[in-house]
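Q: Please take a close look at one part of this structure: the nonpolar interior around a single side chain.

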Amino acid sequence: MVSTPVKKNWTVMVYLAGDNNLDGAGGVDLKEMKQVGSTSNINIVAQFDRQGAGLRTKRYFLKKGGSLDQDQVADLGETNTGDPKVLQDFITWGATTYPADHYLLVIWNHGAGWDDTNIYRVVNRTLKLDVTRKKAVAARARGGALGMVSSHQLRAISDRRFRRALFGTTVASAVRTRAIAFDDNAKDFLDNLEMKRLLASAKKALKQKIDILGMDACLMSMVEVGYQMRDSVSYTVGSEQVEPGDGWPYHTILAELAKKPTMSPSDLSKVIVKKYLASYSSAMPVTQSAFDLTRLNAVATAIDHFAQVLMSNLSIPVARAAMLSARNQVQSYEVPDYVDLVDFAKLLYAQTTVPTIKTACQNVMDAAKVGQFVVASGYKGSSMAGSNGVSIYFPTRKISPLYAKLDFVRNTKWDEFLRAYINATTRRPV
């Protein structure tokens, strides 16, 4: 007779997409997890897809000490970490085999790291395109090519903007839609539509929301990302800025959880932020923050009103000048089109004399401040001093065509403001 799994306080599920140049870092992080290991109150499980021929995807129930091989509980063979079903299967397996009151899901690296090899594979197999270099075929498609794309174009979508893309279809879409031409749009290429569907399916399988979605990845603490996940996740933890290669300090985070396994999702999200920041030197430009997604609708409402007020004042020269000045000074990140939401509101509040704009700025600051939507936030490094925990997309020249697909865009007028702002501030040919 099969025994019923014992339900614990927490199950931590770490999805390591290591079939790329971060393979070695995945091994280091697993060792960090094993410094603490599963206890009578917490389960720590991981799925690790390794880089290289013959290195298969394996699942682990991580214990303190011993070898990693001893913790292996399943060999899945070769998997595609860019397939949403692979991640969904891992979540379902983890929750079914190791049930708990609360679940922390960590998506490590947010994808396969879109180096040329991985992109060639997607383009060759999915799109049936030859890859050319210097007018010669560098990588030939299987089954007869339907066309070709240059290695130069692929390199344009394989830099930092695609290293954190989660799904292979993201790259395919970029090639099909020629989104590779949009140099100023990074996070938009994350396939948020698939992520929303995947998490909705996970919620149904778990019969509850995922308590915390941890994103050990770059540039993920955006209002648009949180909004996409709001119905299936209670809290998120991530970074406004790019993350250093060391990522999360799993050993210190899990040690705190092991000491107090009864901590709430809110408390654990704060611990992750605190331990992450403590693991880096004071000069390192890092950020980390946690969101309470149950408070996200209030933030979206404030931003929607903010957008409408700003649009109605764009035609007034002094108001427009204040917006331009605030946008020029605002805290931005590795991708310049991602700016800190609260910092922009603070700067604009200080520089405008229009009462309705001041009120709208204050409403945004109140809704997104620490203790409300932002549960915890911090930064290190003087270049990150304007960080308040949540960023937003604010291009100044053109808007990614993919942006319109997001729930946040459908339910607020922020994109309308962006279009109006760009139109009002762009120099026209004489």
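Which residues does Leu348 touch, not counting residues up to four places away in sequence?

A: This is a predicted model, where local features need pLDDT of at least 70, side-chain atom pairs count only at pLDDT 80 or more, and totals for chains, interfaces and linings use all residues. Residues are numbered from 1 along each chain as its sequence is written, and side-chain values use heavy atoms, with hydrogens and water left out.

Leu348 touches Phe306, Leu310, Ala322, Met323, Ala326, Ile357 and Cys361, leaving aside residues up to four places away in sequence. Contact here means heavy atoms within 4.5 Å.

Leu348 belongs to the largest nonpolar core, which has 84 residues. Such a core is a set of buried Ala, Val, Leu, Ile, Met, Phe, Trp, Tyr and Cys residues joined through side-chain atoms within 4.5 Å. Buried means under 20% relative accessible area, with a 1.4 Å probe and protein chains only. Leu348, Trp414 and Phe417 have the most contacts inside this core. Its largest share, nine residues, comes from helix H10, residues 296-313. Helices are DSSP runs (H or I, at least four residues), numbered from the N terminus. In soluble globular proteins, nonpolar side chains tend to be buried together.

Apart from the largest core lies another, of 36 residues. Val12, Leu16, Leu254 and Met263 are among them.

How values were computed. Buried means under 20% relative accessible area, exposed over 50%, partly exposed in between (1.4 Å probe, protein chains only). Helices (H or I, at least four residues) and strands (E, at least two) are DSSP runs, numbered from the N terminus.
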